[in-house]
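The following exercises are to be worked with the sequence and the coordinates at hand. Please attempt each task before reading its solution.

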Amino acid sequence: MTASIEDPNFYNDLDLSFAKAWDLIEPGVNKRASPAHTPVVGTIGGDGAPQLRIMVLREADRVKRRLRFHTDVRSTKIHEIASNGKTSVLMYDAAEKLQLRLWGEARVHDDTTDVDKAWSSSTTFARRCYMAEQPPASPSQEPTSGLPSWIEGCQPEEMQLMDARANFAVLWFEISSIEWLYLANKGHRRARWDWYDGTQSWLGRWLIP
Ligand SMILES: Cc1cc2nc3c(=O)[nH]c(=O)nc-3n(C[C@H](O)[C@H](O)[C@H](O)COP(=O)(O)O)c2cc1C
């Protein structure tokens with residue numbers, strides 16, 4: 001419980017640890033070098049096995065406690081989420097010695113206007129992967145990007161991307177629990193916050209690391 005002058009201010013402070021967790025997540029949206037830019041997103045496969053993959057963080061909203069991701073509507077993860085939305089997100093900031101584990105529910109956003117906005121805010125190069133003719137994970141007889149050959153190595157024009165819009169999905173991940181692990185020589189710190197709908201608030205507690 002004792003803190004020294006070298007300890008970060010959040011070391012023995014639950015509220016500051018919670019704020020620090022979000023301070024670590026939020027820069028992931030715009031800072032490519034931030035570890036929170038490419039977290040691991042875990043869903044539950046059709047066979048019950050955990051399925052993990054890296055995804056780019058597109059938006060983080062501390063007040064609405066949610067994260068936004070983009071993906072192909074035909075991808076396996078979309079089918080997994082449709083049958084079980086339980087999702088987990090993992091990130092580790094080695095410089096800060098902080099691991100965050102987030103749990104919650106993912107859902108495909110169905111407001112066309114919002115999805116259109118997200119679509120047009122992505123670069124044409126990023127949107128090119130949605131031009132793949134076959135769904136992601138389709139077997140192929142040969143090595144392939146899945147893109148039409150005429151667009152390989154080229155940056156598409158807006159017009160050429162029009163059909164690909166139908167393959168684009170926005171995923172929202174609503175967070176219901178956050179777990180924190182701070183590594184320190186002196187002694188690690190572990191904490192967890194759970195969201196309570198009744199009180200519309202987070203309840204935090206320390207855990208044994
Ligand atoms: C650095 C990096 C960033 C990625 N970003 C995304 C992303 O934002 N959205 C996405 O659907 N897949 C992204 N992927 C690919 C996924 O990790 C995964 O291979 C793909 O989405 C297929 O996953 P699924 O079969 O579970 O649906 C990224 C991969 C890497 C290595």
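Three exercises follow, on the ligand site, the nonpolar cores and selected buried residues.

This is a predicted model, in which local features need pLDDT of at least 70, side-chain atom pairs count only at pLDDT 80 or more, and totals for chains, interfaces and linings use all residues. Residues are numbered from 1 along each chain as its sequence is written, and side-chain values use heavy atoms, with hydrogens and water left out.

**Exercise 1. The ligand site**

Task: Identify the residues around the ligand, and list polar contacts of its oxygen atoms with R53, T71 and T76.

Solution.

Step 1. Collect the residues that are near the ligand, that is, with a heavy atom within 4 Å of it. The shell consists of R53, I54, M55, V56, H70, T71, S75, T76 and K77.

Step 2. Sort the shell by class. It holds 3 nonpolar, 4 polar and 2 charged residues. Here Ala, Val, Leu, Ile, Met, Phe, Trp, Tyr, Cys and Pro count as nonpolar, Asp, Glu, Lys and Arg as charged, and the others, Gly among them, as polar.

Step 3. Assign the shell to secondary structure, where helices (H or I, at least four residues) and strands (E, at least two) are DSSP runs numbered from the N terminus. Strand 2 (50-54), strand 4 (66-72) and helix 2 (76-83) each contribute at least two shell residues.

Step 4. Search for polar contacts, meaning pairs of N or O atoms within 3.5 Å; within protein, one must be able to donate a hydrogen and the other to accept it, and residues adjacent in sequence count only if both atoms are side-chain atoms. A ligand oxygen lies 2.7 Å from a polar side-chain atom of R53. For T71, an N or O atom of the side chain is 2.6 Å from a ligand oxygen. With T76, a polar backbone atom is the partner, at 3.4 Å from an oxygen of the ligand.

Step 5. Determine the cover. Of the 620 Å² of accessible area that the ligand has on its own, the protein covers 56% (Shrake-Rupley method, 1.4 Å probe; for residues, only the protein chains shown count as cover).

**Exercise 2. The nonpolar cores**

Task: Which residues have the most contacts inside the largest nonpolar core, and which strand supplies its largest share?

Solution.

Step 1. Join buried Ala, Val, Leu, Ile, Met, Phe, Trp, Tyr and Cys residues through side-chain atoms within 4.5 Å. Buried means under 20% relative accessible area, exposed over 50%, and partly exposed in between (1.4 Å probe, protein chains only).

Step 2. The largest core has 33 residues, and I25, L67, F69, L102 and W180 have the most contacts inside it. Strand 7 provides the largest share, 7 residues.

Step 3. Examine W180, taking contact as heavy atoms within 4.5 Å. Beyond neighbours within four places in sequence, its partners include F10, A21, L100 and W193. A second, separate core of 12 residues includes M131, A164, F168 and W172.

**Exercise 3. Buried residues**

Task: Is A169 buried or exposed, and what do R127 and L98 touch?

Solution.

Step 1. A169 lies in strand 7 and is buried, at 3% relative accessible area. Outside four places in sequence, A169 touches F69, H70, T71, V73, I78 and V108.

Step 2. R127, in helix 4 (residues 124-127), is buried because its relative accessible area is 3%. Its side chain reaches the backbone oxygen of S122 at 3.1 Å. Not counting residues up to four places away in sequence, R127 touches W119, S120, S122, E158 and L161.

Step 3. L98 belongs to strand 6 and counts as buried, at 0% relative accessibility. Among its contacts more than four places away in sequence are L24, M91 and W180.
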